[in-house]
Amino acid sequence: MKRYKLYNGKKLRYGYTTGTTAAAATKAAAIYIETGQILDCVEIETPKGWTVSVPINYVKRVEGSKVIAEAVKDSGDDPDVTNRIEIKAVVEINEEETVNIVGGTGVGIITKKGLQTPVGSYAINPVPLQMIEKSFREVFKSPVGANICIEVPKGKEIARKTLNSKLGIVGGISIIGTTGIVEPMSETALVESLHLEIKSASKESKRLVMVLGNYGENFTKVYNEIKAPRIKISNFIGECIDFAKAEGIEEILLIGHIGKLIKVAGGIFNTHSKVADGRMEILGANYMYFCENRDIFMEIMDSNTTDEAVEIIKSVDSDFVFDKIAQKIKQKCEARAREEISVETILFNLPFGELGCSDFAHQRLSKWTNGEEFYD
């Protein structure tokens, strides 16, 4: 069943991730091994809770007991370089009773620290790994095991159009996706939609929780008792602050992954990588300003991701730096709003959870959780 978002009268179709596509190819191959049936599509239940139907190009036996199936990725109405690519799964039943998943042609190899998978491993993120194994287990229960190899024939070519080489992923694309679903991201339509959401929220309350992306949305589930409208603002922090000001919002709680929000500490209000980066430069500069440790500064600057840099900072007990950065983000946002909105900030990352917050962020959390209408 196809799903759509309505943006200012425009219907934009949802798609599904490379992780979902790899899981579908795996399931199609497993079904053929078990039943001999060749399907032209398979259904995959995504972590978002939606079931999607994924087209299968072909299923065939190769090299004796191995079976290969090829599925097609559909990014919906999202401008995604991986749209319509073919992803293969080569599946062979083993005698180990375990499911072993590796990458093959067109799947990148991790060469730098700081990503979700270790150096030297294939760039198949944890959620897709779980989805691939689950799709096999829906056909073969334990104790049957399998060796599964995921391949992307055009992966190396497509990777040149991504930031993979900068991140330290070589030889192909990543198999990714936290929800299994690709949200349509027509930029103009999305910004218009965010304005409408903020306008609607302002009729309910003069306070607003802004979260960045799926990671931010998932992280804020620990704050489910907050009695304030909550909006996922994607990369458009500046525009959303402008909209909030125009609609009379008085207080904002801004929650996001440090890899995104660190940019705001440097005055960057659109956090998409195609607009600006400077994450390590901003993080390193702030660390040097508050700690003056040149050796650690150099390690931060050499880090591949902010998660790697966070580990370095925490290893020398300099956690207070994250509070300082959160306070700076608060100040930048309030300046953007011409001091007409009070902003508090919480920074997090996935390995450690909450990293730091601005001076009154937890006080605001407490008041909003208890349902107090205004912040002193």
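**Two open sheets, one buried asparagine and the cysteines**

N349 sits in strand β16, which covers residues 342-349. The model here is a predicted one, and this asparagine makes a handy place to start looking around. Is N349 buried or exposed? With a relative accessible area of 1%, N349 is buried, because anything under 20% counts that way. Its side chain still has a polar partner: a polar contact of 3.1 Å links the side chains of N349 and D307. Leaving out residues up to four places away in sequence, N349 touches H257, I258, D307, V310 and L355. So D307 turns up twice, as a residue that N349 touches and as its partner in the polar contact.

Now for the sheet around that strand. Strand β16 belongs to an open sheet of 5 strands, set out in the order β14-β13-β15-β16-β17, with mixed pairing. At the edges are β14 (230-232) and β17 (353-357), each of which pairs on one side only. From one strand to the next, the twist averages 25 degrees. As a bit of background, the strands of a sheet pair through backbone hydrogen bonds, and they can do so either parallel or antiparallel. In which sense do β13 and β15 pair? Strand β13 (residues 207-211) and strand β15 (residues 251-257) are parallel, with 5 bridges between them. Within this pair, L208 stands opposite I252 in β15. A helix goes with the sheet too: α12, made of residues 320-336, lies across β15, β16 and β17 and runs at about 140 degrees to β16.

The other open sheet has 6 strands, and its order reads β4-β5-β6-β7-β10-β8, again with mixed pairing. Here the edge strands are β4 (41-45) and β8 (99-103), and each of them pairs on one side only. The twist averages 30 degrees from one strand to the next. Strand β7 (residues 86-94) runs antiparallel to β6 (residues 66-72), and 6 bridges join the two. A71 is found opposite I87 in β7. Strand β7 also runs antiparallel to β10, this time with 7 bridges, and V91 stands opposite I148 in β10. Helix α1 (residues 18-35) lies across β4, β5 (51-62), β6, β7 and β10 (145-151). Its direction makes an angle of about 45 degrees with β7.

Last come the cysteines. How many disulfides does a search of the whole structure find? The count is 0. Take C333, which is in no disulfide: the nearest cysteine sulfur belongs to C240 and is 11 Å away. A disulfide needs two cysteine sulfur atoms within 2.5 Å, so a gap of 11 Å rules out that pair. C333 is buried, with a relative accessible area of 0%. C357 is in no disulfide either, and the nearest cysteine sulfur, that of C333, is 15 Å away. At 14% relative accessibility, C357 counts as buried because its value falls under 20%.

Definitions and conventions. Residues are numbered from 1 along each chain as its sequence is written. This is a predicted model: local features need pLDDT of at least 70, side-chain atom pairs count only at pLDDT 80 or more; totals for chains, interfaces and linings use all residues. Side-chain values use heavy atoms; hydrogens and water are left out. Two strands pair if DSSP finds at least two bridges between them. Helices (H or I, at least four residues) and strands (E, at least two) are DSSP runs, numbered from the N terminus. Axes are lines fitted to C-alpha atoms, for helices over the stretch in contact, and angles run from 0 to 180 degrees between N-to-C directions. Contact means heavy atoms within 4.5 Å. Buried means under 20% relative accessible area, exposed over 50%, partly exposed in between (1.4 Å probe, protein chains only). A polar contact is a pair of N or O atoms within 3.5 Å; within protein, one must be able to donate a hydrogen and the other to accept it, and residues adjacent in sequence count only if both atoms are side-chain atoms.
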